[in-house]
Amino acid sequence: MHLFLRKRTFLLLLILAILLPTLVAASGGGSKQAIVNPKQLYSYELMTSDIKKLADAYPELIRYRSIGKSEYGRELWVMEIGNGPINVLLNASHHAREWITTITVMNMAETMAASTAKQGVWKQLNTADLFDHVTFQIVPMVNPDGVTLQQKGLAAFPQQDHAGLIKMNKNSRDFKRWKANGKGVDLNRQYPADWDTIRQAEYAPSYKNYKGKKPLEAKEAQLMYNFTKQLKPEIAISYHSSGEIIFWNFKTKASNLPRDRAFVQAYAAMTGYRAVAPEANPSGGGFTDWFITEFGKPALTPEIAPAVGETNVPLSYWDRIWKQHKDTMWLIGTTAYEQAMLSEKAKKASATIELTSPATTYRYPDLNRETAKGVKPGVYKVTREKGSWYEIQISGQGSRWIAKSMAKPWSKPKPTPTPTPSPTPTASPVVTPPSPSPTAPIASEPSAEPTPTAAPATEIPIVAGSPASTIPTPLPTPSST
Ligand SMILES: [Zn+2]
């Protein structure tokens, strides 16, 4: 009897186990089961596995690759979310014991993808449309060696390095306080922004605060530096975890102050954090110190938890952190988009493009303005462009704007062979480039509406390269680690 009941219970559980995933998938209507579980010790291996699962679950939106290896050969993964030419850079865990920041950006990544998959809306913005213009580039763990040491201790490191690691840890075998990389260098004191004048607290490799012998000596800082230089993001956020405050100003140019102050104030209002007033003599070397001076664009260093002393932030703070951050990525993404568009003016263009899937169209090249009827796949003439937008002509509807990332250059189909000899024997496909042409038939094709696109020159000079030239290319699939 007893045994029989157990057997029945077992069978019932077995049936449920088989059926449940199917039921969940069917009832979700596009919503998927969460991949990132934020309430657990979040290791490098777990992160690597989650990145791959996210890319598999959202192939149309997420790609990933490695930008290089850490001192101990762990990959510095970057996850790309979105298809637009305007880049936003998020990075986390420069400091080993601050790995709750990795959980935060991983959860943001999944939230962004899930929202987009189910046609989510944030403040009237269709989030899927944002990703036609903006791409989030996320490096969730800048310091995988340090995080691993902090979480797993010496066992995860080669025997011959144990004595050195213990020495750098002030003769303790408890690595909970570890902040540095695997070589005892503080990665957030490694960037070339007033590095010489960093107020030194340590003069040799240590579990914290050692700035190294020279800037970018640590592989991880060098990789971040090269990657960021190549990417030229509109905005960078470098997450740390102590104090619920936001650093945002490092010798910021007076002309950029109104823009950067508005951004940090919006972020502070959303999170409840305090924006830190700039010091008279700031100590440099941090990622955002360098970013602000190098690019003249806004960067924030949010400290996303109350100060907890020399250890990792307990997971019991997770709910509080997520409540503060759950919408911040939309603020960051829309701010980057608006900032990039400020420097863009509408120009005449002459090109022929192809849409391979239906696209949302807009009456103006502005995500915050009204959308118009969708447009079917097909071949369209481009008459103007503005930043990440094309103006196309739709018969019967006049002109509409679409995201450039939706379009690909149209190639004339190869003419079928005809019996009459052709004067041009090489009938190679002709790709019409989207270059402005003074002879475009634009004048005879009046726009349906006046477009408020002739943006006046603003007080914000966007100096770094044109964001429209960096459409992401397909990324190679990294091997398992
Ligand atoms: Zn930190």
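A contact here means heavy atoms within 4.5 Å. The model is predicted.

**Exercise 1. Find the neighbours of glutamate 303.**
Task: State where Glu303 lies, whether it is buried or exposed, and which residues it touches.

Solution.
- Step 1: place the residue. Glutamate 303 sits in the loop between β10 (299-302) and α10 (318-325).
- Step 2: check accessibility. Buried means under 20% relative accessible area. Glutamate 303 has 11% relative accessibility, so it counts as buried.
- Step 3: list contacts, leaving out residues up to four places away in sequence. Glutamate 303 touches Glu98, His240, Ser241, Ser242, Gly243, Glu244, Ile245, Phe247 and Tyr273.
- Step 4: consult the record. An unreviewed UniProt entry places the feature "active site" at Glu303.

**Exercise 2. Describe the zinc site.**
Task: Name the donors of the zinc ion, and say why their arrangement is irregular.

Solution.
- Step 1: identify the donors. His95 (ND1), Glu98 (OE), Glu98 (OE) and His240 (ND1) coordinate the zinc ion at 2.1 to 2.4 Å. Glu98 appears twice in that list.
- Step 2: test the angles. Four donors count as tetrahedral if all angles lie between 85 and 135 degrees. The four donor atoms here subtend angles of 56 to 144 degrees, which makes the arrangement irregular.
- Step 3: read the spacing along the chain. The donors follow H-x2-E-x141-H.
- Step 4: map two donors onto the fold. Glutamate 98 is in the loop between β3 (86-92) and α3 (100-117), and histidine 240 is in the loop between β7 (235-239) and β8 (245-247), so the pair ties together parts that are 142 residues apart in sequence.
- Step 5: check accessibility. Glutamate 98 and histidine 240 are both buried.

**Exercise 3. Place strand β3.**
Task: Determine which strands pair with β3, and in what sense. Then say how many of the residues of β3 are buried.

Solution.
- Step 1: take β6 (residues 134-139). β3 pairs with β6 in the parallel sense over six bridges. Isoleucine 86 has valine 134 as its bridge partner in β6.
- Step 2: take β7. β3 and β7 also pair in the parallel sense, over five bridges. Leucine 89 has alanine 236 as its bridge partner in β7.
- Step 3: look at both faces. Ile86, Val88, Leu90 and Ala92 on one side are buried, as are Asn87, Leu89 and Asn91 on the other.
- Step 4: conclude. Seven of the seven residues of β3 are buried, so the strand is largely enclosed by the rest of the structure.

**Exercise 4. Judge the confidence.**
Task: Give the mean pLDDT of the chain, and say where pLDDT falls below 50 in residues 1-5 and 21-30.

Solution.
- Step 1: start with the chain. Mean pLDDT is 85, and 80% of residues reach 70 or more.
- Step 2: check residues 1-5. Their pLDDT is below 50, and the stretch has zero contacts beyond near neighbours in sequence.
- Step 3: check residues 21-30. pLDDT stays under 50 there, with two contacts beyond four places in sequence.

Note on methods: Residues numbered from 1 in each chain as written. Predicted model: local features only at pLDDT ≥ 70, side-chain atom pairs only at ≥ 80, totals over all residues. Heavy atoms only, no water. Donors = N, O, S within 2.8 Å, 3.2 Å for Na, K, Ca; no water. Tetrahedral: all angles 85-135°; square planar, octahedral: opposite > 155°, others 65-115°. Helix = DSSP H or I, 4+ residues; strand = E, 2+ residues; numbered from the N terminus. Buried < 20%, exposed > 50% of the residue type's maximum accessible area, 1.4 Å probe, protein only. Pairing = 2+ DSSP bridges. UniProt positions renumbered as here; feature names shortened; annotations may be inferred. pLDDT = per-residue confidence, 0-100.
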